[in-house]
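Student: I have a model open and would love to go through it with you. Shall we take it one question at a time?

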Amino acid sequence: MAAEIGKSLRAPLPWLPSKYFYDDRGSVLFEEITHLPEYYQTRTEEALLEMIAEPVLAAGRPSELVELGSGAGRKIRILMDGLQKIGRLQSCVLLDINELFLSQSVQRLQAAYPHAHVHGIQADFIEDLERLGPRGERLLLFFGGTVGNLHPHEVPDFFRRASRVLAAGDTFLVGVDLVKDRARLEAAYNDAAGITARFNLNILSVLNEQLRADFDLSAFEHVAFYDEENAWIEMRLRARRPSRIRIPLAGLTLHLERGKEIRTELSCKYTRDSFAARLRATGLRLERWFTDPEELFALALLRRTGEGRWQ
Ligand code: AVJ
């Protein structure tokens, strides 16, 4: 972490990897975000999933569900219920970076589905995907539009690596936030209650705790805007006054002028075409594209191509 952050904060536009939002406090704040009136993603995705669970399960006929970045882990239950109904539920693997959320989710799921084998892996879903090991009859799940946190250039490689933990014919369901009007998008990241601002600023407390940094949170303000050309929301933290920050464990002293910004998150928005373009030569193809009536959010059903069972 020290090396990673030492490097990212030395860049011309200093930035922080979004995974560091999710300490215990940040994970709770994100949960609060999912209930905000402006944040349409979570409830739209959940309602959509209720509608399509049956065809999704029929398409892949999985016996194992694997969720990447499971967080509080509620959506997976919709699919667990569906699988249980058709008598195919064998196992379920949750992969999340936050240990506390992960162990709580595993415990709750195991209690709710005593006949399934429920298992948690504390890991970064990008770097440690391979820790899943190979298995067939798998349905991989990546909800929440979290794929949007990857830079579009990183997406094909992520899908290529994901395809390798699947057998030919297996399926992958991905939640994708869609391009829409600026006002709607910007409201979702600038909520009236200020929860997103607290979530954003919390990443500085994470650095204070983990790297013994001395960020004064009151010296920064939350910024979130839609970059239409790149089709992404960007979150930043802007220095309200000239600041000097010591980050001893990263061997770094940061000098920020007033108005200088640190990028903390990209949240890319897609269309069906821009998303499908990211799948070329990844071993996955877009089989179905489900959206809500307002076309706010999509669930993309991908299928592992190729004859070779593992590669
Ligand atoms: C969890 C990455 C999907 O990008 O919308 C919410 C995180 N950031 N509000 C998103 C987030 C600010 C969220 N993802």
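**Sheets, helices and a ligand**

Tutor: Happy to! Helix H3 (residues 41-60) lies across strand S4 (138-142), S5, S11 and S12. Keep in mind that this is a predicted model.

Student: At about what angle does helix H3 run to S12?

Tutor: Helix H3 has several strands under it, S4, S5, S11 and S12 among them. Taken against S12, the helix runs at about 30°.

Student: In what order do the strands of the seven-stranded open sheet come?

Tutor: Its pairing is mixed. The edge strands, each pairing on one side only, are S3 (117-122) and S11 (284-291). Neighbouring strands are turned by 20° against each other on average, direction ignored. Reading across, the order is S3-S2-S1-S4-S5-S12-S11.

Student: Which residue in S12 stands opposite Phe172?

Tutor: Strand S5 (residues 171-177) and strand S12 (residues 297-304) run antiparallel and are joined by seven bridges. Opposite Phe172 in S12 stands Leu302.

Student: Which strands does helix H5 lie across?

Tutor: Helix H5 covers residues 99-112 and runs at about 175° to S3. The strands it lies across are S2 (91-96) and S3.

Student: On to the open sheet of three strands: what is the bridge partner of Trp232 in S10?

Tutor: The order here is S6-S7-S10, with antiparallel pairing. S6 (220-227) and S10 (261-268) are the edge strands. Strand S7 (residues 232-239) pairs with S10 over seven bridges. In S10, the partner of Trp232 is Cys268.

Student: Which helix lies across S6, S7 and S10?

Tutor: Look for a helix at residues 195-211, running at about 60° to S7. That is helix H8.

Student: Now the ligand. Which elements give two or more residues to the shell around it?

Tutor: Of the 15 residues around the ligand, Tyr39, Gly144, Tyr189, Glu265 and Ser267 come nearest. An oxygen atom of the ligand is 2.5 Å from an N or O atom in the side chain of Tyr189, and for the side chain of Ser267 the distance is 2.7 Å. The elements giving two or more residues to the shell are helix H2 (24-34), H8 and S10.

Student: How far is an oxygen atom of the ligand from an N or O atom in the side chain of Tyr39?

Tutor: Tyr39 is one of the residues that come nearest to the ligand. For its side chain, the distance from a ligand oxygen atom to an N or O atom is 2.5 Å.

Student: How many residues of the shell are charged?

Tutor: The shell holds seven nonpolar and seven polar residues. The number of charged residues is one.

How values were computed. Residues are numbered from 1 along each chain as its sequence is written. This is a predicted model: local features need pLDDT of at least 70, side-chain atom pairs count only at pLDDT 80 or more; totals for chains, interfaces and linings use all residues. Side-chain values use heavy atoms; hydrogens and water are left out. Two strands pair if DSSP finds at least two bridges between them. Helices (H or I, at least four residues) and strands (E, at least two) are DSSP runs, numbered from the N terminus. Contact means heavy atoms within 4.5 Å. Axes are lines fitted to C-alpha atoms, for helices over the stretch in contact, and angles run from 0 to 180 degrees between N-to-C directions. A residue is near a molecule or strand if one of its heavy atoms lies within 4 Å of it. A polar contact is a pair of N or O atoms within 3.5 Å; within protein, one must be able to donate a hydrogen and the other to accept it, and residues adjacent in sequence count only if both atoms are side-chain atoms. Ala, Val, Leu, Ile, Met, Phe, Trp, Tyr, Cys and Pro count as nonpolar, Asp, Glu, Lys and Arg as charged, and the others, Gly among them, as polar.
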